Amino acid sequence: MKLSTREPLDLQEVLRDLEHYRPRRKGWTWRTPRPHQRLGPFVLEDTSAPLANSVPLPSAHSFDDIDPQCDFVVTTEIASGRFEDDLRRMRMAAWHGADHLMVIRTTGQSHIDGLLEGTPEGVGGIPITRKQLRATRKALDAIEEEVGRPINFHSYVSGLAGPEMAVLFAEEGVNGCHQDPQYNLLYRNINLHRSFVDAAEAKRVIADGGLLQIDGAHNANATAKQAWKVTPELLVQHAVNTAFSRAVGIPADRIALSTVPPTAPPAPKLRLDLPYAVALRELFAGYRFRAQQNTRYMESDTREATVSHVLDTLVSRLTSADIQSTITPDEGRNIPWHYNNVAGVETARQTLMGLDGLAQMLTLREDGPLREGARAIQERAVLFLEEIVELGGYEAAVAAGMFVDSGLFPERGGDGIRRDPAGGVGADTHVAREPGYGAPVCAHFGANAYAGGDAKPCEAIGGCTLCDPAKIRYLDELDPEDNVARRLERPRAERAAGWLRPEVEKHGDGVVCVTLFVPTQPALGKAAALELARRMGLREPEVIHARVLHPAEGSVFEVRGVLDQAVRASELVVPEREARLPHAEIEAWARPRDLHVVAATVGEDEHSVGLQEILDLKHGGIERYGFRCHYLGTSVDLERLLDAAGEHGARIVLISTIVTHHDVHRELMRRLVSLAEARRVREDLLLVAGGTQVTDELARECGMDAGFGRGTTGQDVASFLVRRLREPA
Ligand code: Z97
């Protein structure tokens, strides 16, 4: 399957002949570091190989459109509920720099003691099935070719069906997974013995399959009442899972410790988070770190979340991270939408590029509060381990509620999670192996009658599914209604008919979000915002974010609602942008003609940078083609502008108007046109306006000859001028 950058992902093509699809590669891939990389006007230090296709950061327009890629792998977590919609989002995220795509699974799947098949719809994530994994891997194989960088695909192996999931992942080319028996026990109340027995088997498969394993310690941050106080325990949780994983055979560089800076401002974030980050990286040197972003204290303010994420990323850069995992800044509202996944990824890469080369300029102090704080956390972790031993071991500690207790150990809050080692989901389901037990498969933990000697264990059956994929049984769909083919009927019909609807998550869901400021007290303002949204025609309006600006003066609301409208592509008028003329052609025509231009920002507008870029030789403006530019300055009176045009014999008048209060930009354009008419010079002049909110349509509506908005270059303006001036009169 090959993608065209100009075409949407063809889901029919993804689904075609999946039965025979095999992943192109297996195992985890890191980025290729490229220190001292020269890109555009800069030399960058902490970067990796560039992408073949991508969308650069917005400010890149000012820097030759460079799109440096940081040295960390960047994750985004996707949770739409329909895998076919996840795929489109994955493609967008990959273009924005994500190369670790995690899918959250549907609620409750970790309690299902076996595998699911087909492509049912999920809640809060997708059911993980063979078909869903295979289709996703197939799409990602094509997407990684499109962006020119390997993409790691990831989901969860914890849960009751852990070993089965691990085998499925290894068979289908999933590259990374979460696996941590403590997660089962603490957060899903799955039986302790069952969880650890399963974990041994699952970890063995993960080791042989070359998958990267991420642990689950971060969940204590997310669950504890006071997340910054569980830091000693987090070190213990990492130690338990890491030691277990090593004992089973996962190499250190395939073990990633999942870590979250535990606080958010107004907490003194770096003062608390940095010593913890240092303590962790010191104790676990040689392992990989998956730095995740803090969600514990996030509410619904995406701006606030973004600032916390930037600080989290700073902690990563100041210490280390192999993976910078991003959470959408709207996680607190439970609506991770397409563009919020992209926003999370962009926050990470923008921050990391901004911090490029930091380690060459700063070192963390080896004395003072950082060292003392790190040391204190490490000492408390050792005390924690000693107490576990004193209590009689891990089972006893869990039974005593030692974990996820919000006291800063050895203080205790008495609110830890208690589990009965003999209880929980799946209690008594583990069976002791008989002497002589055997399994004719290659990835298997512990005693196996088939292992030993030179032959592979699976030779007894002529190959296991990991050695001979032809043995894999592929089930297509089990449910005639709840499947991807059914769900695609409407999108396919709509696409064929050229209908376009807004969406945030699922094809054509119609969801839009409007921002309103209402000038009254909060409760009344909220009621007004909802009613106004209804009057805009939005169904099921819901306030997803509110922020008081002043208790009496007003609040700002973000309202989500469904816009039940579709437009037909064929009925839309897309203004055609004329291609730029080549530099040489513009110059050959303009230079010999000695054309004068008068230019100014008008009204009371002091924003002159944009206009100067259009004019100045040094910015590649129109002077380079031989236009004789007379720049009159800022806030210039319109009469004076026309006087100057007369004095210089100018054919061309360029005005720039950025300010739009009271529609002053329209007003100025209209007044210029009527003044020129009153002086009977309108026919002799080309009147051109520019500004961030100016469009060609708007300028012409106001009687100007042309308008230019954001992103315009001197070449654009010069192309227009030459085309118009060389037209026969
Ligand atoms: C993450 N941001 O890092 P279920 N196993 C482990 C986990 O941490 C999780 C699951 C399984 C988060 C997203 C939190 N972690 C979610 C070690 C979940 C998921 O299907 O929800 O029971 O398992 O991944």
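This passage walks through the overall build of the chain and then three local spots.

The model is a predicted one. Its protein chain carries 21 helices and 22 strands, and the C-alpha atoms fill a box of roughly 105 × 60 × 55 Å along the principal axes. Of the 729 residues, 53% are buried. Among contacts with a sequence separation of 6 or more, 69% link residues 24 or more positions apart. As for the outside, the accessible surface comes to about 32900 Å², and carbon and sulfur atoms contribute 53% of that area.

Helix α18 comes next. This helix runs over residues 638-648, and its buried residues are Leu638, Leu641, Leu642, Ala644 and Ala645. Looking down the axis of α18, these buried residues fall within an arc of 155°, so they line one face of the helix. The face turned away from that buried side holds the exposed residues Gly646 and Glu647. Cover for the buried residues of α18 comes from elements including two strands, β18 (596-601) and β20 (652-656), as well as helix α19 (664-678). The ends of α18 have their own details. At the N-terminal end, Asp637 acts as the cap, with a side-chain oxygen sitting 3.2 Å from the backbone nitrogen of Glu639. Past the other end, α18 is followed by Gly649, which has a positive phi, near 60°.

Ser258 is a second spot to look at, and belongs to strand β10 (residues 255-259). With a relative accessible area of 1%, Ser258 falls under the 20% cut-off and therefore counts as buried. Its side chain makes a polar contact of 2.6 Å with the side chain of His218, and another polar contact, of 2.8 Å, joins Ser258 to the side chain of Arg290. Setting aside neighbours within four places in sequence, the residues in contact with Ser258 are Ile214, Asp215, Ala217, His218, His238, Arg290 and Gln292. His218 and Arg290 thus turn up both in this contact list and as side-chain polar partners of Ser258.

The last spot is on the surface. Leu500, Val567, Leu572 and Val574 form a nonpolar patch there, and together these four residues offer about 360 Å² of accessible area. One of them, Val567, is found in strand β17 (residues 567-568). The relative accessible area of Val567 is 41%, which makes this residue partly exposed: that value lies between the 20% limit for buried residues and the 50% limit for exposed ones.

How values were computed:
Residues numbered from 1 in each chain as written. Predicted model: local features only at pLDDT ≥ 70, side-chain atom pairs only at ≥ 80, totals over all residues. Heavy atoms only, no water. Buried < 20%, exposed > 50% of the residue type's maximum accessible area, 1.4 Å probe, protein only. Helix = DSSP H or I, 4+ residues; strand = E, 2+ residues; numbered from the N terminus. Arc of directions from axis to C-beta. Contact = heavy atoms within 4.5 Å. Polar contact = N/O pair within 3.5 Å; in protein donor to acceptor, adjacent residues only side chain to side chain. Patch = residues over 30% accessible without salt bridge, like charges linked within 9 Å, V, L, I, M, F, W, Y side chains within 5 Å. Areas by Shrake-Rupley, 256 points an atom, 1.4 Å probe, with all protein chains shown as cover. Salt bridge = Lys/Arg side-chain N within 4 Å of Asp/Glu carboxyl O.
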